[in-house]
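New to this one? Take a look at the chain below, and then we'll walk through its overall build and its cysteines.

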Amino acid sequence: MKTVFEKPHSLSDVSTTYCPGCTHGIIHRLVAEVIDELGVEGKTIGVAPVGCSVTAYDFFNFDVQQAAHGRAPAVATGIKRVHPDNIVFTYQGDGDLAAIGTAETVHAAARSENITVIFVNNAIYGMTGGQMAPTSLVGQVTQTTPYGRKVENQGYPIRISEMLSQVEGAAYIERVSVDSIKNISNAKKAIKKAFECQINKEGFSLIEVLSTCPTNWGLEPEEALSWLRDNLMEHYPLGVYCDNRKEKGGCL
């Protein structure tokens, strides 16, 4: 019988530790599928931060280095400069990348470091109990905004993809989602383009993935997917925000 679907070799056999309905597992699989298809498993190095995604090193069959909170792009920069022929990527949540790690991300893009960032945006701090994140929506209820995020107190959510599209060193930036079969397929294509951008030595790439956190949103998994579509996508539109790869159209 012909095999039509199987576990990517780049994924380990370790059982997931993510909460039921969490879409980190889907994103892990997409990253692993792309690495398998590009044939770069033996030369790939991941960088895991602090947060739910810190356990990424358990789930991949290639080397993964842990970084201090927010410092993954800086660590990835060092690894890539020492090993320029390796494929180096970070896997970061919004609490890590868009808060304590904002400077590292912006300056890695400004220097056009030839690394790839997988940015998982679920608009909340997951591992530490559900506090407001920089990407939490106005009015969103969290552990630290029990009456909803208020602009006068907490300001506006940060749109990372839009912000980085204005940084001259960015090569490829796209926002995707994993809420449906169609969007999962598009997310994989975007991740593959980002890795190909690095392979072709075209500079800094970032894929922002809208994701769910049913546990801290207080929703069932199916409800969380609907909330993502009805709320996150409204504030964070999907699409390509920058494409400065060779013979492409530039940034917004």
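Let's start with contacts: among those in the protein chain with a separation of 6 or more, 68% are between residues 24 or more positions apart. Keep in mind that this is a predicted model.

As for the building blocks, the protein chain has 10 helices and 8 strands. How does its radius of gyration fit a compact globule? For 252 residues, such a globule would come out near 18 Å, and the protein chain has 17 Å, so the two agree. Along the principal axes, the C-alpha atoms take up a box of roughly 50 × 50 × 35 Å.

Now for inside and outside. Of the 252 residues in the protein chain, 53% are buried. The accessible surface is about 11,300 Å², and carbon and sulfur atoms supply 53% of that surface. On the charge side, you'll find 22 positive and 28 negative side chains, with the centres of the two sets 5 Å apart.

Finally, the cysteines. A disulfide is a covalent bond between the sulfur atoms of two cysteines. How many disulfides does the structure hold? The count is 0. Here is how two of the cysteines sit:

| Cysteine | In a disulfide | Nearest cysteine sulfur | Distance |
|---|---|---|---|
| Cys19 | no | Cys22 | 6.5 Å |
| Cys22 | no | Cys52 | 6.4 Å |

Neither distance in the table fits a disulfide, because the two sulfur atoms would have to be within 2.5 Å. Is Cys19 buried or exposed? Cys19 falls in between: its relative accessibility is 39%, so Cys19 counts as partly exposed.

Methods. Residues are numbered from 1 along each chain as its sequence is written. This is a predicted model: local features need pLDDT of at least 70, side-chain atom pairs count only at pLDDT 80 or more; totals for chains, interfaces and linings use all residues. Side-chain values use heavy atoms; hydrogens and water are left out. Helices (H or I, at least four residues) and strands (E, at least two) are DSSP runs, numbered from the N terminus. The radius of gyration is taken over C-alpha atoms; the globule rule is 2.2 Å times the number of residues to the power 0.38. Buried means under 20% relative accessible area, exposed over 50%, partly exposed in between (1.4 Å probe, protein chains only). Contact means heavy atoms within 4.5 Å. Accessible areas come from the Shrake-Rupley method with a 1.4 Å probe; for residues, only the protein chains shown count as cover. Lys and Arg count as positive and Asp and Glu as negative; His and the chain ends are not counted. The place of a charge is taken as NZ of Lys, CZ of Arg, CG of Asp or CD of Glu.
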